[in-house]
Amino acid sequence: MKNNKIMRTIIGLTLLVALLVPVTAFAASPNYTYNFEFTDRVNHQEAYHEKGDTEQVWVFTLYNTGKSNVSSTNILGVKMNRTSDNYVDVYRTYTGRTTNKRISYLSYVASDDVMFLGAKKDSDSTSYATLYANGAYNP
C-alpha cells in the first residue's frame, strides 16, 4: 500500500516536470523587440540572434500601440530567416494585433542556429501612409 502511494507520487511529479519543460524552455529564451518604420516596400531585417532553445517554433507578437498603424490597408509582412539553409519559414502577413503567435518551423532549427526577422510593408497594402509596426519575437 505504501509503495503504491510512493509510485503514484513519483509518476505525478514526473508528469508535472514533463509538462513544464516546454514552458520553461520558452521562458528561458529571450524575447527581442522590433520597431519598424517602412516608407517603402523593400525587405528590412532585424539583428541576428541565436535561436537559444530547442523548440521547433518561433513566436511573434505585433503590438497595437499608439504608433502602430498596421491595418487591412497597411499590411505588415514578416518571415523568420536563418543565415544558412534558409528554408525554415514562409512569408506571412498581418493586418492587426497578434499576441504570442506560435509558428512552426518548416525544417529543423538547432538551438545555436543564427536567425533573424525579415519584414516589409506588403505589396498588397493600398495605403500610402508610412507603416509603423512594433512588437516582439522569439526565434
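**View 1. L76 faces its partner across two strands.** In β8, L76 has K121 as its bridge partner. This is a predicted model, and here we zoom in on the pairing between β5 and β8. Strand β5 covers residues 76–82, and it pairs with β8 in the antiparallel sense over seven bridges. Strand β8 itself takes in residues 114–121, and seven of its eight residues are buried.

**View 2. Two short strands also pair with β8.** Let's stay with β8 and look at its other partners. Strand β2 (residues 44–45) runs antiparallel to β8, with two bridges between them. Look for H44 here: the residue opposite it in β8 is A119. Strand β3 (residues 49–50) is joined to β8 by two bridges as well, again antiparallel. This time the residue to find is H49, which stands opposite M115 in β8.

**View 3. A salt bridge links R102 and E55.** The closest N and O atoms of this pair are 2.8 Å apart. R102 belongs to strand β7 (residues 98–104) and E55 to the loop between β3 and β4 (57–62), so the salt bridge ties together parts that lie 47 residues apart in sequence. How buried or exposed are the two partners? R102 is partly exposed, with a relative accessible area of 46%. E55 counts as buried, because its relative accessibility is 12% and the cut-off for buried is under 20%.

**View 4. K51 and D53 meet under cover.** Here's another salt bridge, with 2.7 Å between the closest N and O atoms of D53 and K51. Are these two residues buried or exposed? Both D53 and K51 are buried.

**View 5. D89 pairs with R92, and a network joins three more residues.** The side chains of D89 and R92 form a salt bridge, 2.6 Å from N to O. D89 is buried, since its relative accessibility is just 3%. R92 is partly exposed, as its relative accessible area is 22%. Then there's a network: R82, D85 and D113 are joined by salt bridges that share partners. How many salt bridges turn up in a search of the whole structure? The search finds five.

**View 6. A nonpolar patch sits on the surface.** Three residues make up this patch: Y87, V90 and L106. Together they have about 300 Å² of accessible area. Zoom in on Y87, which is found in the loop between β5 and β6 (92–94). Y87 counts as exposed because its relative accessibility is 56%, and exposed means over 50%.

**View 7. Stepping back to the whole chain.** The protein chain has one helix and nine strands. Starting from the N terminus, the helix comes ahead of the strands, in the order α-β-β-β-β-β-β-β-β-β. Of the chain's 139 residues, 38% count as buried. The accessible surface comes to about 8,300 Å², and carbon and sulfur atoms hold 56% of that. Among contacts with a separation of 6 or more, 79% are between residues 24 or more positions apart.

**View 8. A stretch to read with care.** Where does the model's confidence drop under 50? Residues 20–28 keep a pLDDT under 50 throughout, and the model has eight contacts for them beyond four places in sequence. For the protein chain as a whole, the average pLDDT is 86, with 78% of the residues scoring at least 70.

Definitions and conventions
Residues are numbered from 1 along each chain as its sequence is written. This is a predicted model: local features need pLDDT of at least 70, side-chain atom pairs count only at pLDDT 80 or more; totals for chains, interfaces and linings use all residues. Side-chain values use heavy atoms; hydrogens and water are left out. Buried means under 20% relative accessible area, exposed over 50%, partly exposed in between (1.4 Å probe, protein chains only). Helices (H or I, at least four residues) and strands (E, at least two) are DSSP runs, numbered from the N terminus. Two strands pair if DSSP finds at least two bridges between them. Patches are made of residues with over 30% relative accessible area and no salt bridge: like charges are joined within 9 Å, nonpolar side chains (Val, Leu, Ile, Met, Phe, Trp, Tyr) within 5 Å. Accessible areas come from the Shrake-Rupley method with a 1.4 Å probe; for residues, only the protein chains shown count as cover. A salt bridge is a side-chain nitrogen of Lys or Arg within 4 Å of a carboxyl oxygen of Asp or Glu. pLDDT is the predictor's confidence in each residue, from 0 to 100. Contact means heavy atoms within 4.5 Å.
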